[in-house]
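Okay, thanks for coming, everyone. I'll put the structure up and then walk you through it.

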Amino acid sequence: MGVYSSARGTIQIALVNTVLPYNFIILGISYMTTETLPVLAILGGTGDLGTGLARRWAQVGYEVIIGSRTQEKAEAAVADLREVMAERGVAEISVRAMENLAAAEAADIVTLTVPFSHQSSTLDLVKEALHDKILIDVTVPLVPPKVARVQLPPQGSAGQIAQELLGEEVYVVSAFQNVAAAHLQEGRGLECDVLVTGNKKVARQAVITLIEAAGMRGFHAGMINNAAAAEALTSVLITINKQYGCHAGIKISGLDDID
Ligand SMILES: NC(=O)c1ccc[n+]([C@@H]2O[C@H](COP(=O)([O-])OP(=O)(O)OC[C@H]3O[C@@H](n4cnc5c(N)ncnc54)[C@H](OP(=O)(O)O)[C@@H]3O)[C@@H](O)[C@H]2O)c1
């Protein structure tokens with residue numbers, strides 16, 4: 001475990017290797033020193049899932065940039081985030097509002113939280129700003145109105161669409177497809193595990209660190225092709241939600257032997 005200090009306290013973060021040197025770079029991904037946390041941008045961060053992630057990460061001390069198609073909408077989301085944090089007794093957060101491209105440029109790690117129908121156009125817009133960065137793709141390729149039916153795209157998954165569009169110089173990691181935005185937005189603990197797929201293990205690990213900071217467990221779930229499994233599972237969860245009136249998630253079992 002590595003310990004990161006920020007202005008808002010000390011955060012424990014699991015690293016791939018605890019003896020990594022100060023300011024190290026692996027596979028083109030630069031890592032933070034013990035003094036700083038990565039700056040996080042959330043594109044489409046004004047929406048349901050983006051709001052949930054922003055709350056979780058801002059609350060534990062990450063600098064968060066809310067991205068939007070318009071500066072005004074991003075600023076309104078920032079104002080809302082400050083209000084919610086104040087209600088929760090979090091006095092100081094580091095959060096900024098920007099249009100999506102500027103947000104992607106300013107961040108170390110970028111999360112895309114827009115509907116599937118706008119995934120490619122938004123990635124086209126920010127592609128150049130993502131070189132050598134991690135792009136967390138949360139997209140579920142739902143095809144309304146039949147969102148409770150698995151309808152994966154011809155490319156295999158939204159995660160593969162993102163990786164193909166961005167090229168190998170961007171480290172696409174797919175995650176969060178099975179977490180309900182409603183639960184993320186709440187201030188309580190979250191009993192939901194996250195499957196993490198992507199072609200670079202070190203990039204997946206960096207995202208698992210963010211998942212743990214947000215109060216959940218993240219699991220290495222293989223290459224980006226395996227994003228199809230988490231994306232398909234969302235339609236199963238939507239079916240369960242309709243049937244039982246809940247916001248269902250997933251939990252990995254059989255981990256008793258792990259320290
Ligand atoms: N909601 C959930 O519980 C949940 C759970 C797991 C995964 N996901 C995935 O997370 C992603 C976001 O879901 P959501 O429910 O948060 O979506 P949402 O609230 O409907 O939309 C998110 C944001 O997308 C942006 N957007 C809308 N139309 C756009 C367009 N034409 N071009 C570019 N951006 C556009 C908007 O931001 P601006 O208007 O500010 O630009 C909007 O606030 C989806 O891919 C979804 O499958 C959602």
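**Confidence, sheet and ligand**

So, confidence to begin with: the chain averages a pLDDT of 89, with 85% of its residues at 70 or more. The stretch to be wary of is residues 1–34, where pLDDT is below 50. In the model that stretch has 48 contacts beyond near neighbours in sequence. And keep in mind, this is a predicted model.

Next, the sheet. What is the strand order? It runs β7-β6-β5-β8-β9-β10-β11-β12, an open sheet of 8 strands with mixed pairing. At the edges sit β7 (95–99) and β12 (217–220), each pairing on one side only. On average, neighbouring strands are turned by 25 degrees against each other, ignoring direction.

Let's zoom in on one pair. β5, residues 40–43, and β8, residues 109–112, run parallel and share 4 bridges. Within that pair, leucine 43 has leucine 112 of β8 as its bridge partner. There's also a helix packed on this sheet: α8, residues 227–244, touches β10 (171–174) and β11 (193–198). The direction of α8 makes about 140 degrees with that of β11.

Okay, on to the ligand. Which residues come nearest? Out of 25 around the ligand, those are Gly44, Gly47, Ser68, Val140 and Ala181. Both α1 (48–59) and α4 (119–126) supply at least two residues of the shell, and α1 has the largest share, with 3 residues. As for chemistry, the shell has 11 nonpolar, 11 polar and 3 charged residues.

That's my bit, happy to take questions.

Note on methods:
Residues are numbered from 1 along each chain as its sequence is written. This is a predicted model: local features need pLDDT of at least 70, side-chain atom pairs count only at pLDDT 80 or more; totals for chains, interfaces and linings use all residues. A residue is near a molecule or strand if its C-beta atom, placed from the backbone, lies within 6 Å of it. Ala, Val, Leu, Ile, Met, Phe, Trp, Tyr, Cys and Pro count as nonpolar, Asp, Glu, Lys and Arg as charged, and the others, Gly among them, as polar. pLDDT is the predictor's confidence in each residue, from 0 to 100. Two residues are in contact if their C-beta atoms, placed from the backbone, lie within 7 Å. Two strands pair if DSSP finds at least two bridges between them. Axes are lines fitted to C-alpha atoms, for helices over the stretch in contact, and angles run from 0 to 180 degrees between N-to-C directions.
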